[in-house]
Amino acid sequence: MLALSMLLPVCGAAAEEVRIKDIVDVEGVRSNQLIGYGLVVGLNQTGDRLNNALFTRELLISMLERLGVNVRAQQAQLQTRDIAAVMVTADLPAFAHGGSRIDVTVSATGDATDLSGGTLLVTPLMAANGDVYAVAQGSVVSSAFSAKGAAASVTRNIPTSARIANGAIVEREVPVDLRERPLLHLSLRNPDLTTGRRVALTINRDLGSPVAEVEDPRTISLNLSGRDVIETLARIEDLMVVPDTEAMVVVDEASGTIVMGDNVRISTVAIAQGNLTVQVTEAPLVSQPAPFGNGQTAVVPRTNVKVSTDAGHKLGILPSGPTLRDLVSGMNALGVGPRDMISILQTIKAAGALQANMVVR
């Protein structure tokens, strides 16, 4: 009942106002994904095996050649396990200027077993267009660890993936000039026509003119001609609206988690819930012959079979619930746990009595 009881505090609460900045994004103001390929050095014999990871060997030889060290003729003698080839990824936030720092994620690509304690060498980070926008370097920090002995091993989290806080320096900016764009679009993170209409009405009421117009369930256009764009956007961000949400039930069968929105409604249905449990246990007996007898010791099988049909569970009527609280209370009254409630909700949805969109993951 833990998963169901967690829903109760939000059932009776009225819809609350939120800031517009928390439910919309400004068109063109977004982050950009960066990727690079580099080397982590200084590992404690947990790096790639150069005989297996040929790309690590070539990357090491190429880097040494750029530093004036020629080892290509003796590459067969390279047997170190203190380096690892890694993919480096980062998100370049909007309005990041040259010289600012961003976090990076480092992930092993070869057969390295642990990146903890290593140092990432200078790695250019490129965008999808192939241009370099940042350069990463620094000490790799991982919250994972692994230890092993002769007959057992322990691994916590993922030791082949780590992060470097402020590990990359931005070298190139993505220009975004909002002052030169009086025609903007706001994008709702959860598309909904009702929410879009409320946002547009709130903006027009506060600014005193029809500058906002709903184009589709996700997009709200803004015409800020003749206004200071930055000042007006800052004013719009702090306006409060009441967002509308679709009636939805999200079920995660793997963990037994159920999340239901406040607008979920259910028609009157009758529910019978019970389980047939068959328990089979083996308790063999040992038959021992009498002293000085000619018999032999034998194992006599003994099987116990127990059948439970949960006969105490009755057919119950779940009345039409005007609120989510009534729905949860009705399920609790029937003694339904989260696992059984998942199958019941799916059956109610199939019967057409669940007035909500159901998403099963």
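In what order do the strands of the open sheet of four strands lie? The order is E2-E11-E13-E12, and the pairing is antiparallel. Strands (E, at least two residues) and helices (H or I, at least four) are DSSP runs numbered from the N terminus, and two strands count as paired if DSSP finds at least two bridges between them. The edges of the sheet are occupied by strand E2 (24-26) and strand E12 (212-214), each of which has a single partner strand, so one side of each is left without a neighbour in the sheet. From one strand to the next, the twist averages 25 degrees.

The structure described here is a predicted model, in which local features need pLDDT of at least 70 and side-chain atom pairs count only at pLDDT 80 or more, whereas totals for chains, interfaces and linings use all residues. Residues are numbered from 1 along each chain as its sequence is written, and side-chain values use heavy atoms, with hydrogens and water left out.

Within the open sheet, strand E11 (residues 183-188) and strand E13 (residues 219-223) run antiparallel and are joined by five bridges; Leu183 has Asn223 as its bridge partner in E13. Helix H4 (residues 193-207) packs on this sheet and touches E11, E12 and E13, its direction making about 165 degrees with that of E12. Contact means heavy atoms within 4.5 Å; axes are lines fitted to C-alpha atoms, for helices over the stretch in contact, and angles run from 0 to 180 degrees between N-to-C directions.

A further six strands close into a barrel in the order E3-E4-E5-E10-E7-E6, with antiparallel pairing. Neighbouring strands of the barrel are turned by 30 degrees against each other on average, direction ignored. E3 and E6 pair over three bridges, and Leu120 in E6 is the bridge partner of Val40. Helix H3 (residues 54-66) lies across E3, E4 and E6, at about 85 degrees to E3.

The largest nonpolar core has 25 residues, and Leu120 and Leu125 have the most contacts inside it. Such a core is a set of buried Ala, Val, Leu, Ile, Met, Phe, Trp, Tyr and Cys residues joined through side-chain atoms within 4.5 Å, where buried means under 20% relative accessible area (1.4 Å probe, protein chains only). E4 gives the most to this core, with five residues. Leaving aside neighbours within four places in sequence, Leu125 is in contact with residues including Leu34, Val88, Val104 and Ala168. Apart from this core lies another, of 22 residues, among them Leu188, Val211, Ala212 and Leu222.

Terms used:
Buried < 20%, exposed > 50% of the residue type's maximum accessible area, 1.4 Å probe, protein only.
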